[in-house]
Amino acid sequence: MTGPEIVILTGAGVSAESGLGTFRDLGGLWTKVRLEDVATPEAFARDPDMVLDFYNARRANARAAEANAAHHALARLQAARPGEVLIVTQNVDDLHERAGALAGADPADLIHIHGEFAKALCAGCDHRWPSGDAPMTTASTCPACGAARVRPDVVWFGEMPYRMEEIYAALGQCALFVSIGTSGAVYPAAGFVAEARAAGADTLELNLEPSEGASYFRESRHGKATEIVPAWVE
Ligand code: BV8
């Protein structure tokens, strides 16, 4: 086998017990804020100050959070099997990286399909750079082209998620696909299980409750990520 043997898709449920809110649960972010108002290129064009404030607050929360037992267990699995376990995360926090650095996992085995808070993106020239700790404002400028069109490097609704070719290649040849802490509501990630299954992979869901795509998985285990993920890994 040339690619990863296991592909793991993670979502907000993995970071929930680190204190970062989920999106679609009762009290989740998208029940308080309309995603059309903050997580689309149109919203940024209409009201960049509001969108940047929304993301500055979430970036600050994510910086203050710590990786939990689920992140650490996945990082240990990756460190034990270099190159064999690819994590594709929908999360824009850096908790997988931080756990991975402690465990000695290879950062190349992690893909942020929806981008990351740790980077800024110039909406003018597409240059990316580490976003640092300072809040982004409409006066922040791009270090490459000088334009004041700085935004967080996250994938908004209607934009193309990152590194799709690599992900589909991995899904097409992995032996096991595992989905953890995601509702299966957002495409294309929600379609990964069908893709992996069609290519012959075994499929496992680890989630607090059955997700929208639960019936696509051969096996589902329900409970808190900090309990069921270490139990699966160990
Ligand atoms: C695209 C990033 C083309 C920034 C996010 C109809 C109309 C309009 C559009 C569409 C449509 N149908 C499909 C679309 C496309 C659209 C889409 O899917 N919309 C949905 C809403 C219908 N998708 C796109 O626009 C995407 N781009 O399609 O491009 C394309 C097509 C084909 C191939 C390639 C390209 C871009 C989507 C990017 C969206 N970006 N955010 C930010 O964070 O602000 S989305 C947002 O949802 C999150 O960021 C996250 O990334 C994503 C997924 O959410 P989850 O992680 O699953 O979180 P959720 O709250 O939903 O679920 C949490 C789960 O955890 C729950 O099941 C819960 O039970 C569980 N849980 C809770 N606590 C725990 C737990 N589990 C375990 N332990 C716990 N303690």
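So, the shell around the ligand: by class, its residues split into 18 nonpolar, 12 polar and six charged. Keep in mind that we're looking at a predicted model here. There are 36 residues around that ligand, and the ones that come nearest are Gly11, Gly13, Phe23, Gln90 and Ser183.

Okay, let's step back to the domains. The protein is divided into two of them. Domain 1 is put together from three stretches, 1–20, 66–114 and 161–234, while domain 2 takes 38–64 and 116–154. And how far apart are the C-alpha centres of domain 1 and domain 2? That comes out at 26 Å. Where the domains touch, domain 1 puts in six residues and domain 2 also puts in six. On the domain 1 side of that contact, you get two nonpolar, two polar and two charged residues.

Now for a few single residues, starting with Lys224. You'll find Lys224 in the loop that runs between β9, 219–222, and α10, 225–233. Is Lys224 buried or exposed? Well, somewhere in the middle: Lys224 counts as partly exposed, because it has 17 C-beta neighbours inside 10 Å, and you'd need 20 or more to call a residue buried. If we leave out residues up to four places away in sequence, Lys224 touches Glu17 and Leu208. There's also Glu209, which sits 15 residues from Lys224 along the chain, with 9.1 Å between the two C-alpha atoms.

Next, some backbone geometry. Which peptide bond is cis, with omega near 5°? That's the one going from Tyr187 to Pro188. Pro188 itself belongs to the loop between β7, 176–180, and α9, 192–198.

Then we have two residues with positive phi, neither of them a glycine. One is Asp126, where phi is near 70°. Asp126 is in the loop linking β4, 115–122, with β5, 128–130. It's classed as exposed, because just 11 other C-beta atoms fall within 10 Å of Asp126, and the cut-off for exposed is 12 or fewer.

The other is Arg163, with a phi of about 55°. Look for Arg163 in the loop between β6, 150–154, and α8, 164–171. Arg163 has 13 other C-beta atoms within 10 Å, so this one goes down as partly exposed.

That's my tour, so have a look at the loops on screen and shout if you want to go back to anything.

How values were computed. Residues numbered from 1 in each chain as written. Predicted model: local features only at pLDDT ≥ 70, side-chain atom pairs only at ≥ 80, totals over all residues. Domains from an automatic or database assignment. Contact = placed C-beta atoms within 7 Å. Nonpolar A, V, L, I, M, F, W, Y, C, P; charged D, E, K, R; others polar. Near = placed C-beta within 6 Å. Helix = DSSP H or I, 4+ residues; strand = E, 2+ residues; numbered from the N terminus.
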